[in-house]
Amino acid sequence: MDNSTTISEVREPDFSNERLEKMGDWFEERKPVLKEGIEFFFKNVIAPDFEDLNWSWLASANASTEVGKWQYHLDRCQQTFDKTKDKIATLSREDNHTEISLNQSNRVIFASRAQELNIARAEYCLEVAKDLYKQIIGKDWTKPVKGKLKSVETDGKSQKWIKDNLKQGVLI
């Protein structure tokens with residue numbers, strides 16, 4: 001890791017391919033650490049709770065939420081990338097070859113390439129989380145359907161399930 005960058009170097013805009021290559025190299029170097037961090041959470045927080053009858057449902061919900069966070073992150077990265085592609089298209093239509101437009105173009109093209117790296121990072125983390133979900137929970141993760149949640153108080157099936165499990169001592 002090179003920590004020799006000075007403040008003046010940071011203030012200078014660098015939209016170079018070399019910088020993108022360094023970013024890509026950094027991501028590749030960090031993959032094992034990213035995986036380790038995600039695995040740590042799943043194996044030390046989710047897995048032990050999932051093995052306990054009293055905590056398994058919560059562990060399953062926590063695991064789904066964890067995968068969902070990475071899916072959400074990937075979705076936002078993709079949306080940002082799509083907006084950047086739109087900016088590139090707009091700049092291409094309005095291109096008048098001035099120094100300002102060339103600088104804007106370089107900045108936006110650099111941003112799109114950096115966003116591609118961020119998308120790759122988000123995809124990698126999502127796949128790691130999905131794999132761990134499957135290992136621990138025993139099934140593939142599926143994106144939850146958006147919609148209104150039923151209230152436990154008004155849903156008869158939920159009330160029956162709670163009453164049955166309380167009688168059996170599962171929810172105590």
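A pocket is an open set of grid points with protein on both sides within 12 Å along at least five of seven lines. The exercises below use a predicted model.

**Exercise 1. Describe the second largest pocket: its volume, its lining and its main contributor.**

Step 1. Start with volume. The second largest pocket holds about 370 Å³ of space.

Step 2. Find the centre. The lining has 16 residues, and Ser64, Gly68, Trp141, Lys143 and Pro144 are the closest to the pocket's centre.

Step 3. Sort the lining by class. There are 6 charged, 5 polar and 5 nonpolar residues.

Step 4. Assign the main contributor. H3 gives the most to this lining, with 9 residues.

**Exercise 2. Work out which helices build the largest nonpolar core, and which residues touch the most other members.**

Step 1. Pick out the residues. The core has 24, and those touching the most other members are Ile38, Phe42, Ile46, Val67 and Tyr133.

Step 2. Map the helices. At least two core residues come from each of H2 (17-50), H3 (56-93) and H4 (99-137).

Step 3. Rank them. H4 gives the most, with 10 residues.

**Exercise 3. Decide whether Phe42 is buried or exposed, then trace its contacts.**

Step 1. Place the residue. Phe42 sits in helix H2.

Step 2. Apply the cut-off. Buried means under 20% relative accessible area. Phe42 is at 0%, so Phe42 counts as buried.

Step 3. List partners beyond four places in sequence. Phe42 contacts Ala63, Glu66, Val67, Leu132 and Tyr133, among others.

Step 4. Turn to Tyr133. Beyond four places in sequence, its contacts include Phe42, Ser64, Val67 and Trp141.

Step 5. Check a long sequence gap. Phe42 and Gln135 lie 93 residues apart in sequence, yet their C-alpha atoms are 9.8 Å apart.

Technical notes:
Residues numbered from 1 in each chain as written. Predicted model: local features only at pLDDT ≥ 70, side-chain atom pairs only at ≥ 80, totals over all residues. Heavy atoms only, no water. Core = buried A, V, L, I, M, F, W, Y, C linked by side-chain atoms within 4.5 Å. Buried < 20%, exposed > 50% of the residue type's maximum accessible area, 1.4 Å probe, protein only. Helix = DSSP H or I, 4+ residues; strand = E, 2+ residues; numbered from the N terminus. Contact = heavy atoms within 4.5 Å. 1 Å grid on protein atoms, 1.4 Å probe; cavity = no way out; pocket = protein on both sides within 12 Å on 5 of 7 lines; lining within 4 Å. Points joined across faces, edges and corners; volume = space filled by probe spheres on them. Nonpolar A, V, L, I, M, F, W, Y, C, P; charged D, E, K, R; others polar.
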